[in-house]
Amino acid sequence: MIVMRNNLYKDLYRKNESDYLLSDAYDLVQECALFLCEHFGKKLSDVHHIDKKGKKITIEMQAIRIMMKPINRQARRARKEICLDLLMEKNTPIVEIPV
């Protein structure tokens, strides 16, 4: 999260540079802002919808869910990925070649 926040600060300062590529954090903030614009004039505590279990989901909670979904997906993917270089080092047998 701290890395994403730092990337967002960098995006805000450098977004007008022609060759600068915006980070994923900027995309998340834009997506959340668009969601909140759809509910302009409402309070964050207003009910957005009721979920399958009957729990009231507020606009604020839904905005947080929108932001957390890609973050959690990226975290799951990072936990599953294995560095092949490390895997090769562990499983490669040591073979001595006689001279």
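A salt bridge here is a side-chain nitrogen of Lys or Arg within 4 Å of a carboxyl oxygen of Asp or Glu. With that in hand, welcome to a short tour of this predicted model.

**Figure 1. The salt bridge between Arg-14 and Glu-17.** In this close-up, the side chains of Arg-14 and Glu-17 come together at 3.2 Å, N to O. That distance falls within the 4 Å cut-off, so the pair counts as a salt bridge. A search of the whole structure turns up one salt bridge. Are the two partners buried or exposed? Arg-14 is partly exposed, because its relative accessibility is 33%. Glu-17 is partly exposed as well, with a relative accessible area of 36%.

**Figure 2. A nonpolar surface patch of Tyr-9, Leu-12 and Tyr-13.** Together, these three residues offer about 400 Å² of accessible area. Helix α1, which spans residues 2-14, is where you will find Tyr-9. Tyr-9 counts as partly exposed because its relative accessibility is 46%, and that value lies between the 20% and 50% limits.

**Figure 3. The hairpin of β1 and β2.** Here strand β1 (residues 47-50) lies alongside strand β2 (residues 56-58), and the two pair in the antiparallel sense over three bridges. To find your way between the strands, start at Val-47, whose bridge partner in β2 is Thr-58. Five residues separate the strands of this hairpin. In the turn, look for Gly-54, which has a positive phi of about 90°. As a reminder when following the side chains, those of a regular strand alternate between the two faces of the sheet.

**Figure 4. Helix α4 and strand β2, the two ends of the confidence range.** Which element has the lowest mean pLDDT, and which the highest? Helix α4 (residues 84-91) has the lowest among the elements of the protein chain, at 60, while β2 has the highest, at 95. Where pLDDT is low, the predicted coordinates should not be read in detail. For the protein chain as a whole, the average pLDDT is 84, and 84% of the residues score at least 70.

**Figure 5. The setting of the close-ups within the protein chain.** Four helices and two strands make up the elements shown, running α-α-β-β-α-α from the N terminus on. Of the 99 residues, 18% count as buried. The accessible surface comes to about 9000 Å², with 58% of it belonging to carbon and sulfur atoms. Among contacts between residues at least 6 apart in sequence, 25% join residues at least 24 apart.

Notes: Residues are numbered from 1 along each chain as its sequence is written. This is a predicted model: local features need pLDDT of at least 70, side-chain atom pairs count only at pLDDT 80 or more; totals for chains, interfaces and linings use all residues. Side-chain values use heavy atoms; hydrogens and water are left out. Two strands pair if DSSP finds at least two bridges between them. Patches are made of residues with over 30% relative accessible area and no salt bridge: like charges are joined within 9 Å, nonpolar side chains (Val, Leu, Ile, Met, Phe, Trp, Tyr) within 5 Å. Accessible areas come from the Shrake-Rupley method with a 1.4 Å probe; for residues, only the protein chains shown count as cover. Buried means under 20% relative accessible area, exposed over 50%, partly exposed in between (1.4 Å probe, protein chains only). pLDDT is the predictor's confidence in each residue, from 0 to 100. Contact means heavy atoms within 4.5 Å.
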